[in-house]
Amino acid sequence: KALVGETDMPPKMPQDAIHTAAKALYFFEATKSTDIAKFIKENFDRANGSGWQCIVGTDFGSFVTHFHGCFIHFCIDNLAILLFRVAVNQAHEAHLFPTLKTLNCIKLCFSYYQILAFFFFLDFLYQINSD
């Protein structure tokens, strides 16, 4: 059973996220958090356009910027899942999601190395988009 902590998604999308996560957990062991995150991200990219990011684990924290209507944090058993969409091509997608929303820090308790890797990834995305 899934427990939604926070979402701003339209009504059907959280159920899609939970269903996709449940499917990932069917295919992968709960300890394979990277495989689970990749599965969820790739499915949401295919279904809803590119730019989705997914973090899966039992111990993490986050502070992210995302498109309004494209954020969910939920748990299945002891596994927390954070799924959100970032700007990939703002000029092309501006009509789809008119504003970006910065969330207050959601304390999910990431490990230090997961946070560090995530911020390196965000910095990489920023550098690509600023060129």
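**Reading the sheet and its cores**

Reader: In this predicted model, what is the order of the strands in the open sheet, and how do they pair?

Author: A sheet is best read by its strand order, and here the four strands of the open sheet follow the order E1-E4-E5-E2, with antiparallel pairing. Strand E1 (2-7) and E2 are the edge strands, each of which pairs on one side only, and from one strand to the next the twist averages 15°.

Reader: How many bridges join E1 to E4, and which residue in E4 is the bridge partner of Val4?

Author: E1 and E4, which run antiparallel, are joined by five bridges; for Val4, the bridge partner in E4 is Phe74.

Reader: Which strands does H1 touch where it packs on the sheet, and across which strands does H2 lie?

Author: For a helix on a sheet, one reads both the strands involved and the angle: H1 touches E1, E2, E4 and E5, its direction making about 45° with that of E4, whereas H2 lies across E2 and E5 and runs at about 155° to E2.

Reader: Which residues have the most contacts inside the largest nonpolar core?

Author: That core has 23 residues, and those with the most contacts inside it are Ile40, Val56, Phe74, Ile81 and Leu83. Helix H1 (12-27), helix H2 (33-48), strand E2 (52-57), strand E4 (71-76) and strand E5 (79-85) each give two or more residues to this core. Apart from it lies another core, of eight residues, including Ile55, Phe71, Leu82 and Phe84.

Reader: With which residues is Ile40 in contact, leaving aside its neighbours within four places in sequence?

Author: With those neighbours set aside, Ile40 is in contact with Thr20, Ala21, Ala24, Cys54, Val56, Ile81 and Leu83.

Technical notes:
Residues numbered from 1 in each chain as written. Predicted model: local features only at pLDDT ≥ 70, side-chain atom pairs only at ≥ 80, totals over all residues. Heavy atoms only, no water. Core = buried A, V, L, I, M, F, W, Y, C linked by side-chain atoms within 4.5 Å. Buried < 20%, exposed > 50% of the residue type's maximum accessible area, 1.4 Å probe, protein only. Contact = heavy atoms within 4.5 Å. Pairing = 2+ DSSP bridges. Axes fitted to C-alpha atoms, helices over the stretch in contact; angles between N-to-C directions.
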